[in-house]
Amino acid sequence: MSPRPHLHPGLVLLVALGGAAGTLARYGLNTAVPARDGWPLATLIVNLAGAFLLGLLLEVLVRAGNETSRLRMVRLGLGTGVLGGFTTFSTFALEVEQLLAGGSAAVAAGYFAASLLGGVLACLAGVAFAGRRRQIRSGNGPRDGNGR
């Protein structure tokens with residue numbers, strides 16, 4: 001009897017490898033992008049980019065139809081693994097706490113709001129982008145005044 005999908009060793013390994021890749025990418029960006037005016041830009045960029053990419057990925061997968069074993073591997077490897085390792089709530093929470101403890105309440109509030117609102121908007125933009133790309137590919141894109 002095979003284990004349930006969430007306990008399948010191959011899928012767990014796929015998530016772990018994806019998570020390692022995402023974490024390494026985040027580390028690289030974090031070392032390359034310094035904080036600016038108290039704003040932890042690297043974490044903000046990572047989380048906004050991750051939200052966009054997750055929205056895009058999930059919209060593509062939803063439009064692909066019923067989940068096959070291949071689509072499950074894409075979802076788990078890229079979504080849960082890579083993007084789960086790339087994005088970081090814990091670092092975001094720690095940075096907000098550090099800004100507050102350091103007396104930078106206004107910066108903390110701005111960073112908090114930009115991260116949360118920006119994340120929702122980035123995710124929606126990813127969904128819209130994926131939907132728009134699919135629409136154009138299928139020939140149902142916007143038409144000009146002449147029906148083209």
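Which side chain does Arg63 meet in a salt bridge? The partner is Glu59, with N and O 2.4 Å apart. Keep in mind that this is a predicted model. A search of the whole structure turns up three salt bridges, and below you'll find those pairs, a buried Glu that goes without one, and two positions that UniProt lists.

**The Arg63–Glu59 pair**

- Arg63 and Glu59 both sit in helix H2, which covers residues 41–63.
- They are four residues apart there, so about one helical turn separates them.
- The two ends of this bridge differ in exposure: Arg63 is partly exposed at 37% relative accessibility, whereas Glu59 is buried at 16%.

**The network around Glu67**

- Glu67 has a salt bridge with Arg75, where the closest N and O atoms are 2.5 Å apart.
- Glu67 also meets Arg72 in a salt bridge, this one at 3.5 Å from N to O.
- As for exposure, Glu67 is partly exposed, with a relative accessible area of 38%.
- Arg72 counts as partly exposed too, at 25% relative accessibility, and so does Arg75, at 28%.
- Through shared partners, these salt bridges tie Glu67, Arg72 and Arg75 into one network.

**Glu95, a buried charge with no bridge**

- You'll find Glu95 in helix H4, residues 89–101.
- Glu95 is buried but makes no salt bridge.
- Why no bridge? A salt bridge needs the nitrogen and oxygen within 4 Å, and the nearest side chain of opposite charge, Arg26, is 8.6 Å away from Glu95.
- Leaving out residues up to four places away in sequence, Glu95 touches Pro40, Thr43 and Tyr111.

**The UniProt positions, Gly84 and Thr87**

- An unreviewed UniProt entry lists Gly84 and Thr87 under "binding site".
- Gly84 belongs to helix H3, residues 69–86, while Thr87 falls in the loop between H3 and H4.
- Both are partly exposed: Gly84 has a relative accessible area of 41%, and Thr87 has one of 25%.
- The Thr87 side chain reaches back to the backbone oxygen of Leu83, at 2.8 Å.
- Setting aside neighbours within four places in sequence, Thr87 is in contact with Arg26, Val46, Asn47 and Gly50.
- Arg26 therefore turns up twice in this briefing: it is in contact with Thr87, and it is the nearest side chain of opposite charge to Glu95.

Methods. Residues numbered from 1 in each chain as written. Predicted model: local features only at pLDDT ≥ 70, side-chain atom pairs only at ≥ 80, totals over all residues. Heavy atoms only, no water. Helix = DSSP H or I, 4+ residues; strand = E, 2+ residues; numbered from the N terminus. Buried < 20%, exposed > 50% of the residue type's maximum accessible area, 1.4 Å probe, protein only. Lys, Arg positive; Asp, Glu negative; His and termini not counted. Contact = heavy atoms within 4.5 Å. UniProt positions renumbered as here; feature names shortened; annotations may be inferred. Polar contact = N/O pair within 3.5 Å; in protein donor to acceptor, adjacent residues only side chain to side chain.
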